[in-house]
Amino acid sequence: MTATLEAYNVSGSTGSMPSSGTPAHSVFNGIINLSGSASYNNSAYGWYYQVTFSGLDPAKTYEFVTTANRGSSYNPERWSKFSIVGADAYTNASSTGTIQISPDVVHLNGGANTAAGDVVRWTGIAAADGIFTVRSENLLDINGKPYGYGMQAFALSELEGVVVPEPASLVVWSLLGLTTGGLGWRRRKRLA
């Protein structure tokens, strides 16, 4: 499996960890420190930040989770659009504070996402060619400006027992940032 990161016209800003007990905290705490960098653009239209997965097993299904959190009360309304592209099947399972526009498009407020800790999540992802992309890009904020925050981190999990039962799942974690980034692999065993 390969994860290819691509960005256009983005800048960097500090981020913040979501509050304990929130969906984002449950997914990323202890794995990735979201207090580092958050990608954004506050002056131009058309910015995006995306990850494309290739080499996935077409006989298996996956779950993708991402979040963004500037963590600033100064930027309370910084919505971004998140889209899944190229997958043949998926189910939107994003947290309740997001806005589902369609099954493949979700809006997330990454300006002040500390208390809510919302995540964009698709589960049951199947791709016959083993490739799909998740893209984050700008929306206009309440003042008509293209402020927004792209995906700050993501997790991709191979779902167990959905298509082909396996004794373990593959989880890919990544922190997305302008100056720091990387991929980590972790195998976890299914309990019970």
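**Exercise 1. Burial and pairing of strand 5**

How many of the residues of strand 5 are buried? Work this out on the predicted model, then describe the two faces of strand 5 and its pairing with strand 10 and strand 12.

*Solution.*

Step 1. Strand 5 is mostly covered, with 6 of its 6 residues buried.

Step 2. Split strand 5 by face: Tyr 62, Phe 64 and Thr 66 lie on one side, while Glu 63, Val 65 and Thr 67 lie on the other. Both faces are covered, and these residues are all buried.

Step 3. Strand 5 pairs with strand 10 in the antiparallel sense, over 4 bridges. Within this pairing, Phe 64 has Trp 122 as its bridge partner in strand 10.

Step 4. Strand 5 also runs antiparallel to strand 12, and 6 bridges join the two. Here Thr 67 stands opposite Ala 153 of strand 12.

**Exercise 2. The surroundings of Thr 66**

Determine whether Thr 66 is buried or exposed, and state what its side chain reaches.

*Solution.*

Step 1. Thr 66 lies in strand 5.

Step 2. Its relative accessible area is 0%; buried means under 20%, so Thr 66 is buried.

Step 3. The side chain of Thr 66 reaches the backbone oxygen of Ala 153 at 2.6 Å.

Step 4. Not counting residues up to four places away in sequence, Thr 66 touches Phe 28, Phe 82, Val 119, Val 120, Met 151, Gln 152, Ala 153 and Phe 154.

**Exercise 3. Classifying aromatic pairs**

Classify the ring pair Tyr 8 and Tyr 48 and the ring pair Phe 53 and Phe 154, and locate each pair in the chain.

*Solution.*

Step 1. A pair of aromatic rings is described by the distance of the centres and the angle of the planes. The count of aromatic pairs comes to 5.

Step 2. For Tyr 8 and Tyr 48 the centres are 6.0 Å apart and the planes stand at 25 degrees. Planes under 30 degrees apart count as stacked, so this pair of Tyr 8 and Tyr 48 is stacked.

Step 3. The pair links distant parts of the chain: Tyr 8 belongs to strand 1 (residues 2-8) and Tyr 48 to strand 4, 40 residues apart.

Step 4. Tyr 8 has a relative accessible area of 46% and is partly exposed, whereas Tyr 48, at 13%, is buried.

Step 5. For Phe 53 and Phe 154 the centres are 5.5 Å apart and the planes stand at 85 degrees, so the pair is edge-to-face. Phe 53 lies in strand 4 and Phe 154 in strand 12 (residues 153-158), so the pair ties together parts that are 101 residues apart in sequence. Both Phe 53 and Phe 154 are buried.

Step 6. Phe 53 and Phe 154 also belong to one aromatic cluster with Phe 64 and Phe 132. As for Tyr 48, Arg 135 lies over its face, at 3.8 Å from the ring centre.

**Exercise 4. The nonpolar cores**

Which residues have the most contacts inside the largest nonpolar core, and which elements give two or more residues to this core?

*Solution.*

Step 1. The largest nonpolar core has 24 residues, and those with the most contacts inside it are Phe 53, Phe 64, Trp 122 and Phe 132.

Step 2. Two or more residues come from each of strand 4, strand 5, strand 6 (79-85), strand 9 (105-109), strand 10 (120-126), strand 11 (132-138) and strand 12.

Step 3. Another core, of 10 residues, lies apart from the largest one; Met 17, Ala 24, Val 27 and Phe 28 are among its residues.

Step 4. Return to Phe 53. Leaving out residues up to four places away in sequence, Phe 53 touches Met 1, Thr 2, Ala 3, Phe 64, Gly 130, Ile 131, Phe 132, Phe 154 and Leu 156.

**Exercise 5. Two polar side chains**

Compare the settings of Lys 60 and Gln 100, and name the polar contact of each side chain.

*Solution.*

Step 1. Lys 60 lies in the loop between strand 4 (48-54) and strand 5 (62-67). With a relative accessible area of 9%, Lys 60 is buried.

Step 2. The side chain of Lys 60 makes a polar contact with the side chain of Glu 158 (3.5 Å).

Step 3. Gln 100 is found in strand 8 (residues 99-102) and counts as partly exposed, at 45% relative accessibility.

Step 4. The side chain of Gln 100 makes a polar contact with the side chain of Asn 92 (2.8 Å). Apart from neighbours within four places in sequence, Gln 100 is in contact with Asn 92, Val 105 and Val 106.

Conventions. Residues numbered from 1 in each chain as written. Predicted model: local features only at pLDDT ≥ 70, side-chain atom pairs only at ≥ 80, totals over all residues. Heavy atoms only, no water. Buried < 20%, exposed > 50% of the residue type's maximum accessible area, 1.4 Å probe, protein only. Polar contact = N/O pair within 3.5 Å; in protein donor to acceptor, adjacent residues only side chain to side chain. Phe/Tyr/Trp six-rings, centres within 6.5 Å; stacked < 30°, edge-to-face > 60°. Lys NZ or Arg CZ within 6 Å of the ring centre and 35° of its normal. Core = buried A, V, L, I, M, F, W, Y, C linked by side-chain atoms within 4.5 Å. Contact = heavy atoms within 4.5 Å. Pairing = 2+ DSSP bridges.
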